[in-house]
Amino acid sequence: MTAKRLPYLLLVLGFLVRLIYILFFHSMDQSIYSDMRNYIQVADQIMAGEWKATHFFQPIGFPYLIYLLKLMTPHWMSWLEAIHLVTATASLYLIWKTVKDSFGEKAALITLIITSLHFNWIIFTSMVLAENLFIFLLSLLAWLSLKLVRNFSLQNAIFWGVAFVAAFLIKGTHIFIVPLFLLGILTWKRLAGLKVVALISVGY
């Protein structure tokens with residue numbers, strides 16, 4: 001019973017470590033510079049009704065999220081911290097689940113220990129940066145990729161496409177995942193892979 005509970009205890013640990021770091025060591029408003037300042041400036045300009053080509057120098061999704069939070073509440077940073085905490089914990093679960101289904105429980109447990117206590121990732125939780133949400137969406141994409149190759153369905157293809165587009169709007173550095181993933185399926189499944197490639201194309 002203890003062994004079965006251990007992954008969930010590690011998920012709770014990962015959440016608590018990030019929460020404690022934000023509450024007692026580094027809140028989001030303590031560091032606003034570089035990309036963080038740019039995200040906020042773009043959000044402020046959108047609020048003022050200004051749209052510029054430079055807004056799309058980086059993907060617009062994260063500044064637009066800040067804009068929506070600012071519309072909702074003056075305490076938007078607290079809400080963003082909460083979103084980061086939830087999505088970071090969800091990422092831990094998705095990574096654990098993907099590794100468990102692919103490589104077994106031992107590998108998944110080791111991975112969960114590393115990711116729960118990964119210092120750089122803990123820091124990202126307290127920053128006005130897109131990386132935390134991007135990690136969540138990539139984790140979701142990895143989990144959906146595994147589901148898709150095991151169950152070739154239009155529903156899974158649509159979910160994969162939506163997750164990819166959402167990640168692209170947050171941070172577009174994974175753009176080459178699509179051709180590599182599809183090429184990998186065709187190489188692995190040969191002609192049978194054409195079905196999942198067609199489904200992804202429809203879903204995308």
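In which hand, left or right, does H4 pass H5 in their crossing? Before turning to that pair, bear in mind that the structure on screen is a predicted model, and begin with the whole chain displayed as a cartoon.

**The whole chain.** The protein chain holds ten helices and zero strands, so that reading along the sequence gives the pattern α-α-α-α-α-α-α-α-α-α. If you colour by burial, 43% of the 204 residues count as buried. Among contacts between residues at least 6 apart in sequence, 68% join residues at least 24 apart.

**H4 and H5.** Select H4 (residues 76-103) together with helix H5 (residues 105-116), whose axes come within 7 Å and cross at roughly 155°. Because angles over 145 degrees count as roughly antiparallel, H4 is roughly antiparallel to H5. The opening question is settled here: H4 passes H5 in a right-handed crossing. Now show side chains, and on the H4 side you will find Leu-92, Ile-95, Trp-96, Val-99, Lys-100 and Phe-103, which meet Glu-105, Ala-107, Ala-108, Leu-109, Thr-111, Leu-112, Thr-115 and Ser-116 in H5. By class, the residues of this contact divide into nine nonpolar, three polar and two charged.

**H3 and H4.** Keep H4 selected and add H3 (residues 61-72), where the two axes come within 9 Å and cross at roughly 125°. That angle makes H3 oblique to H4, and the crossing of this pair is right-handed. On H3 the contact is made by Phe-62, Leu-65, Ile-66, Leu-69 and Lys-70, while H4 contributes Trp-76, Trp-79, Leu-80, Ile-83 and His-84. Eight of the residues in this contact are nonpolar, one is polar and one is charged.

**The largest core.** Several of these side chains reappear in the next selection. The largest nonpolar core has 29 residues, and those with the most contacts inside it are Phe-62, Ile-66, Trp-76, Leu-80, Val-128 and Ile-170. At least two residues of this core come from each of helix H2 (35-47), H3, H4, helix H6 (119-124), helix H7 (131-150) and helix H8 (154-170), with H2 supplying the largest share, six residues. Centre the view on Trp-76 and, leaving aside its neighbours within four places in sequence, you will see it in contact with Ile-40, Ile-66, Leu-69, Lys-70 and Val-128.

**A second core.** Finally, select Leu-10, Ala-108, Leu-112 and Trp-121, which are among the nine residues of a second, separate core. Two of these, Ala-108 and Leu-112, also belong to the H5 side of the contact with H4.

How values were computed:
Residues numbered from 1 in each chain as written. Predicted model: local features only at pLDDT ≥ 70, side-chain atom pairs only at ≥ 80, totals over all residues. Heavy atoms only, no water. Axes fitted to C-alpha atoms, helices over the stretch in contact; angles between N-to-C directions. Helix = DSSP H or I, 4+ residues; strand = E, 2+ residues; numbered from the N terminus. Parallel < 35°, antiparallel > 145°, perpendicular 65-115°, else oblique. Left-handed = near helix turned anticlockwise from the far one by under 90°. Contact = heavy atoms within 4.5 Å. Nonpolar A, V, L, I, M, F, W, Y, C, P; charged D, E, K, R; others polar. Core = buried A, V, L, I, M, F, W, Y, C linked by side-chain atoms within 4.5 Å. Buried < 20%, exposed > 50% of the residue type's maximum accessible area, 1.4 Å probe, protein only.
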